[in-house]
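Here are a few exercises to work through at your own pace. Have the sequence and the model open, try each task, and then compare your steps with the solution.

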Amino acid sequence: MKIARVFPRRTNATPDDEMAFVGNPPLWAEADEVHISVCWTWDLPEAERLAKEWRHVAPVKIGGPATGMRSEEFVPGMYLKKGYVITSRGCPNRCWFCSVPKREGPVRELPIRDGWNVLDDNLIACSEKHIRGVFAMLARQSHRIEFTGGLEARRMKPWIAHELRKLKPKQVFFACDSPLDLEPLREAGNMMFDAGFTQRSHVLRCYVLCGYPRDVMIEADIRMSEVKRAGFIPMAMLYRDAKGDRDPEWMKFQKAWARPAIICSKLPWRPSRKMKGKK
């Protein structure tokens with residue numbers, strides 16, 4: 001079956017093959033079926049509009065995380081660009097801002113497909129056997145490895161840090177969604193440094209949630225600074241409601257904390273262990 005995959009907007013992860021489209025259908029479009037993939041809830045109105053445009057080409061289906069639809073097995077290159085890979089779905093945590101547990105349920109391990117940019121909801125919540133299987137798959141890739149899905153600091157273990165170091169990744173993202181996540185992040189950082197990662201390599205990065213209800217800009221700024229002092233490059237992730245609304249002032253704040261070159265020049269790095277005991 002010839003399936004046209006349609007996306008409301010283009011991102012780094014959007015497929016780029018001849019049957020992947022962004023926006024309205026071109027004059028020459030032909031397909032047996034059209035799948036409109038929606039990642040964010042605020043793109044649902046655009047998805048509905050695109051469904052009307054594409055219905056003249058072939059029968060249309062709308063799906064994706066924004067619809068609340070439970071995801072099934074991962075098919076490489078289908079709804080994500082080649083190289084992006086998902087080896088598990090779901091998360092055992094129930095963070096108030098995250099729809100993954102409601103949509104996907106607890107962690108379920110999928111067949112491991114080849115890829116080099118891991119986007120699992122919570123990879124290290126999986127079994128040790130599965131994690132080691134993922135690392136074995138990544139070790140045979142010809143591209144530099146990336147973990148842009150975000151790893152949970154509380155679940156980090158020394159053996160995972162050492163296996164990650166063997167992969168010589170381009171970047172490894174963790175997540176810091178509240179002040180309570182700072183201490184687990186510091187502990188995870190220590191494990192990563194013990195495994196051989198360095199602060200100056202800029203490999204260790206961390207998504208930092210900000211702009212959520214009752215968040216204060218000065219407190220968010222402190223969180224960013226603390227994440228950097230822990231040895232990670234903070235990347236501000238601005239909270240959005242279901243409509244996608246964002247405060248203009250918070251948008252300026254997020255922009256200032258989303259450029260690694262600027263961030264690295266702002267604050268000192270985490271002090272070395274030799275310096276910790278000095279007054």
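**Exercise 1. Find how many salt bridges there are, then place the one between Arg5 and Asp17**.

Step 1: Apply the rule that a salt bridge is a side-chain nitrogen of Lys or Arg within 4 Å of a carboxyl oxygen of Asp or Glu. The count comes to 18 salt bridges. This is a predicted model, where local features need pLDDT of at least 70, side-chain atom pairs count only at pLDDT 80 or more, and totals for chains, interfaces and linings use all residues. Residues are numbered from 1 along each chain as its sequence is written, and side-chain values use heavy atoms, leaving out hydrogens and water.

Step 2: Turn to Arg5 and Asp17, whose side chains meet at 2.5 Å, N to O. This pair links distant parts of the chain, 12 residues apart: Arg5 sits in strand E1 (residues 3-7), and Asp17 in the loop between E1 and strand E2 (20-22). Helices (H or I, at least four residues) and strands (E, at least two) are DSSP runs, numbered from the N terminus.

Step 3: Check the accessibility, where buried means under 20% relative accessible area, exposed over 50%, and partly exposed in between (1.4 Å probe, protein chains only). Arg5 has 5%, so Arg5 is buried; Asp17 has 31%, so Asp17 is partly exposed.

**Exercise 2. Work out where Glu128 and Arg132 lie**.

Step 1: Locate their salt bridge, with the closest N and O atoms 2.8 Å apart.

Step 2: Both residues belong to helix H3 (residues 128-139), four residues apart, which is about one turn of the helix.

Step 3: Glu128 is partly exposed at 42% relative accessible area, and Arg132 is partly exposed at 36%.

**Exercise 3. Describe how helices H5 and H6 pack**.

Step 1: Two packed helices are described by the angle between their axes and the distance between the axes.

Step 2: For H5 (residues 182-194) and H6, the angle is about 20° and the axes are 10 Å apart. Axes are lines fitted to C-alpha atoms, for helices over the stretch in contact, and angles run from 0 to 180 degrees between N-to-C directions.

Step 3: H5 and H6 are therefore roughly parallel, as angles under 35 degrees count as roughly parallel, over 145 as roughly antiparallel, 65 to 115 as roughly perpendicular and the rest as oblique.

**Exercise 4. Is Lys168 buried or exposed**?

Step 1: Lys168 is in the loop between helix H4 (158-166) and strand E10 (171-176).

Step 2: Its relative accessibility is 60%, so Lys168 counts as exposed.
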